[in-house]
Amino acid sequence: MVKTDPSGTFGASASQTVSTVRPRSAVSAGVGFVGLGGLLGYLLLARYAPEIAACLGIDWGARGPMSGPNSAIASVLACGIPMVLWSVFVDKVHRNPSTGIDWAQRRPWRETVDISLTKLAGLWATWGLIALIYATMRYYWTGNYAFSMDLLERVAPWLLLVSVPYMLWLDRRMIEPRDGCYQFGRWLIASPKKGGRQPVDGRAIGHHLRAWAVKGFFTAFMLSIVPGNFSALVTVPMRDVLANPYMTGIWTLNFLYLIDVHIATVGYILTLKPLDAHIRTANPYGMAWVAALVCYPPFILMSGGPLDYQVNGADWGHWLAGQERLLIVWAVMLALLTAIYSWATMAFGIRFSNLTHRGIITHGPYRFTRHPAYVSKNLSWWVAAMPFLVTAGGWVEGARNVVLLAMVSGVYYWRAKTEEKHLLADPAYVAYWNWAQANAFVPRLCARLTGRQRPLIRLEPDERVGPVA
């Protein structure tokens, strides 16, 4: 529902004042930075492996940098392990009440074994559904996705094996182990009563399935793009990187996107309660799923789709060729915008994922706007694509590309609104929303430019759909 609020605050009366103190972030800044440090260390090792081997007296033979797909996955581990260690030993996230775990509690095995077995049935059935979708959709067995499927095939037996002791161990310590996974397992295996099955919590099952739909869709996508992104960065000779401002800019952008991809991949993998990184709620609104999925293959509307804004176009390197100072300016602008985008992902640490609530982030670039990734990403597209200039088709083609890119930006605006509709069901996000509207740089700038103290559109959460976890 779209609604206006003359009081100027969401969820607060006109007599209430919004605090100038920024609400506490669910993740510390250190998590993302140690992940970046681990990734940088491995990148140097992979890129200069022949030289390092020579210094250590190791016979490296004719092998070059460690640029293969297995090395790319190792770089994800190098990024993720420091973040996990920081989260546990510095931030002590496993002690957070939001984990739903009471570490002092040790229920007897006989009290929880039936619950755990029911949850395992629900978990394995969920994995089976995801595997069936992967197997049915030919899209997942071509191109970059073939690597994802091969990797998931290799780790699947180990996941099945580890899930048994993990579930048995965790349920003894959970305050309420009968979650959506349990409800789904119970629905599957409980003997039906007279007149129907045993009653179950349908909303909890819906949350469980939505959460795993997010994890299944985006984990496969992220794993598919990790190897190519990593290899391109590790293998390109530095003489080519430094050949001209355009090449330096492109390499810098690829490096910044590598940071985003690696930390996001870690986030999709580590949805674990002991790390307080579990999916608390997955977005329950269909329009949010549509707005998000049209930005990713195979549903993408942009590259090659109806909203492709680069037809007969060329990027900044083409239009500014020979203008070294302008190339430097453009490269710096794009690097700054992409750095903000990657910084926004880093701020989540091990909790990044689309369409989910895994804790409210208020630090880093979220001090300046509620949607730093979307703002910076869209600005970078306008700066890089220069859609008003085309190589063929004249001003009509240029105007068309401008309109299409404006529509792409509109899609991301709508994504932001649907995400807020989901998160505003949490009072913690209401507090952050109100603080940002009154204190963050971008909302204040928009208010000054437009004369509006509130956004033109605001979507309120539907009380009938409230959170279930």
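**Exercise 1. Work out the overall build of the protein.**

Start with the secondary structure: there are 16 helices and 2 strands, taken as DSSP runs numbered from the N terminus (helices H or I, at least four residues; strands E, at least two). Next, check the compactness. The radius of gyration is 24 Å, close to the 23 Å from the globule rule for 469 residues, so the protein is as compact as a globular protein of that length. That radius is taken over C-alpha atoms, and the rule is 2.2 Å times the number of residues to the power 0.38. Last, burial: 47% of the 469 residues count as buried (under 20% relative accessible area; exposed is over 50%, partly exposed in between; 1.4 Å probe, protein chains only).

A word on the model before going on. It's a predicted one, where local features need pLDDT of at least 70, side-chain atom pairs count only at pLDDT 80 or more, and totals for chains, interfaces and linings use all residues. Residues are numbered from 1 along each chain as its sequence is written, and side-chain values use heavy atoms, leaving out hydrogens and water.

**Exercise 2. Find the nonpolar cores and say which helix gives the most to the largest one.**

Step one: the largest core has 85 residues, and Leu43, Phe218, Phe230, Ile259 and Val408 have the most contacts inside it. A core here is a set of buried Ala, Val, Leu, Ile, Met, Phe, Trp, Tyr and Cys residues joined through side-chain atoms within 4.5 Å. Step two: helix α7 (residues 202-235) gives the most, with 11 residues. Step three: look for another core, and you'll hit a second, separate one of 10 residues, including Trp330 and Leu334.

Now zoom in on Phe218. Leaving aside residues up to four places away in sequence, Phe218 touches Tyr268, Leu293, Tyr296, Asn354 and Leu355 (contact: heavy atoms within 4.5 Å).

**Exercise 3. Which parts does the salt bridge between Asp179 and Lys119 tie together?**

First, the pair itself: the side chains meet at 3.5 Å, N to O. A salt bridge needs a side-chain nitrogen of Lys or Arg within 4 Å of a carboxyl oxygen of Asp or Glu. Then place the partners: Asp179 sits in the loop between α5 (145-171) and α6 (180-189), and Lys119 in helix α4 (residues 109-136), so the pair links parts 60 residues apart in sequence. As for exposure, Asp179 is partly exposed at 22% relative accessible area, whereas Lys119 is buried at 3%.

For contrast, try Arg400 and Glu397, whose side chains meet at 3.1 Å, N to O. Both lie in helix α14 (residues 394-423), 3 residues apart, about one turn of the helix.
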